[in-house]
Amino acid sequence: MALLSVLARTLPRAPRAGARLVRLSSTERAPPKLALYTSALCVEHDAGMGHPESPERLTSLLALARGEWATKFGEELELREPNVDVTDEQLLRVHTERHVSRMRAAFATAGSKQATLSLDADTRVCPSSGAASLRASGLTVAAVDAVLADGARTKRAFVMARPPGHHAEPDTAMGFCLFNSIMVGVAHAQAAHGLRKVALLDFDVHHGNGGQAMCTEHADRFFASSHQSPCYPGSGNRLGTSGVAGQVLNVPLKPGAGSEQFRTAWADTILPAMAAFAPEMVFVSAGFDAHEFDPLASLFLHEDDYEWVTKKIAETAGGAPIVSYLEGGYEIGALGRSVRAHVKGMIEA
Ligand SMILES: [Zn+2]
């Protein structure tokens, strides 16, 4: 009897008289809420044994995307693996000719010698780094094109690629980053799609010095970062605004800070400032190394903080398209749970 009453409660009810049934034929399925751009090429970039920015970061995420996330999110999440590489024209919107030619020379040298080159103490180029980084930035451009296409019904994309990019400055590779992929996307949205005002938000535990450098002279690019201070790369230590129009905002967090300080920074400072700027599109440098288990820094976020901040960003963006890019996150288990929380937030918000 008890079981039957449970069944009765869970069985679908017949539609009420007058209720309108909307049926989707197989050719007009609901669009995915989130497009996830990735490539096996991005696994191949390898900075060497013991380097925290490891191929395993992406192999573990790809296994989750094809397994547990596919089961959980179904058709709301669509994996896309287009064979698209960034062009020099697209890179040169944010990088100098000198940087692009130096990187292409480094890729060629690493390839011909089958060797790994050190660009600085922790940034390296291996024989597969050229293919990986040109694809990573190319995927970001493809994601921007997709969410801005005429009639696009999927307005959110996450680029799950490597190497990360947010430390790469106009003329410099640094901090594991070769090209600043998310900024290549920002500049593409403005140059190729005619968007005027865009925002880049960065919740990686490290200051997004590259994004800031590429936004600071552009009044139409809002940039905001929360990050640990003091910490690598040593910039963004002062709370407040800078940039040509006061459109660059840094909110440093002290080592040991956790969910409360992080959520206060975003709810009280960063998101109201972005709302006032009213961007037509929102970009996110999505790094997950502020997690309490991450070995590279000393903030104490939990994975549910990433779902929270993602949903808040999406709510503040209104209907504006969102493209996010995987930056840091170095504890493999915590990274998987945190990226899942970001994906969930992008789908549900
Ligand atoms: Zn980081």
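**View 1. Gly 287 in the loop between S10 and helix H10 (303–317)**. In this predicted model, Gly 287 is placed in the loop that runs between S10 and helix H10 (303–317), where helices (H or I, at least four residues) and strands (E, at least two) are DSSP runs numbered from the N terminus. Gly 287 has a relative accessible area of 0% and is therefore buried, given that buried means under 20% relative accessible area, exposed over 50% and partly exposed in between (1.4 Å probe, protein chains only). Residues up to four places away in sequence being left out, Gly 287 touches Phe 203, Asp 204, Tyr 306, Glu 327 and Gly 328, a contact being heavy atoms within 4.5 Å. Gly 287 and Leu 326 are 39 residues apart in sequence, and their C-alpha atoms are 5.8 Å apart in space. Residues are numbered from 1 along each chain as its sequence is written, and side-chain values use heavy atoms, with hydrogens and water left out. Because the model is predicted, local features need pLDDT of at least 70 and side-chain atom pairs count only at pLDDT 80 or more, whereas totals for chains, interfaces and linings use all residues.

**View 2. The zinc ion and its protein donors**. Asp 204 (OD), His 206 (ND1) and Asp 289 (OD) are the protein donors of the zinc ion, at 2.0 to 2.1 Å from it; donors are N, O and S atoms within 2.8 Å of the metal (3.2 Å for Na, K and Ca), and since water is not among the atoms, sites may look incomplete. Along the chain the donors follow the spacing D-x1-H-x82-D. Asp 204 counts as buried because its relative accessibility is 0%, and His 206, with a relative accessible area of 7%, is buried as well.

**View 3. Cis peptide bonds in the loop between strand S7 (221–228) and strand S8 (240–242)**. Ser 229 and Pro 230 are joined by a cis peptide bond with omega of about 0°, and Pro 230 belongs to the loop between strand S7 (221–228) and strand S8 (240–242). A cis peptide bond also joins Tyr 232 and Pro 233, where omega is about 0°, and Pro 233 is likewise found in the loop between S7 and S8.

**View 4. Positive phi at Gln 114** **and at Ala 278**. Although Gln 114 is not a glycine, its phi is positive, at about 50°; this residue lies in the loop between helix H5 (97–113) and strand S3 (117–118) and, with a relative accessible area of 61%, is exposed. Ala 278, also a residue other than glycine, has a positive phi near 55° and sits in the loop between helix H9 (259–277) and strand S10 (281–286), where its relative accessible area of 42% makes it partly exposed.

**View 5. Lys 344 in helix H11 (residues 332–348)**. Lys 344 is buried, with a relative accessible area of 15%, and, its neighbours within four places in sequence aside, is in contact with Phe 73, Glu 307 and Lys 311. An unreviewed UniProt entry carries the annotation "domain: Histone deacetylase" for residues 51–345, with positions given in the numbering used here, feature names shortened, and annotations that may be inferred rather than shown by experiment. Over residues 51–345 the chain is 43% helix and 15% strand, with the end C-alpha atoms 30 Å apart.
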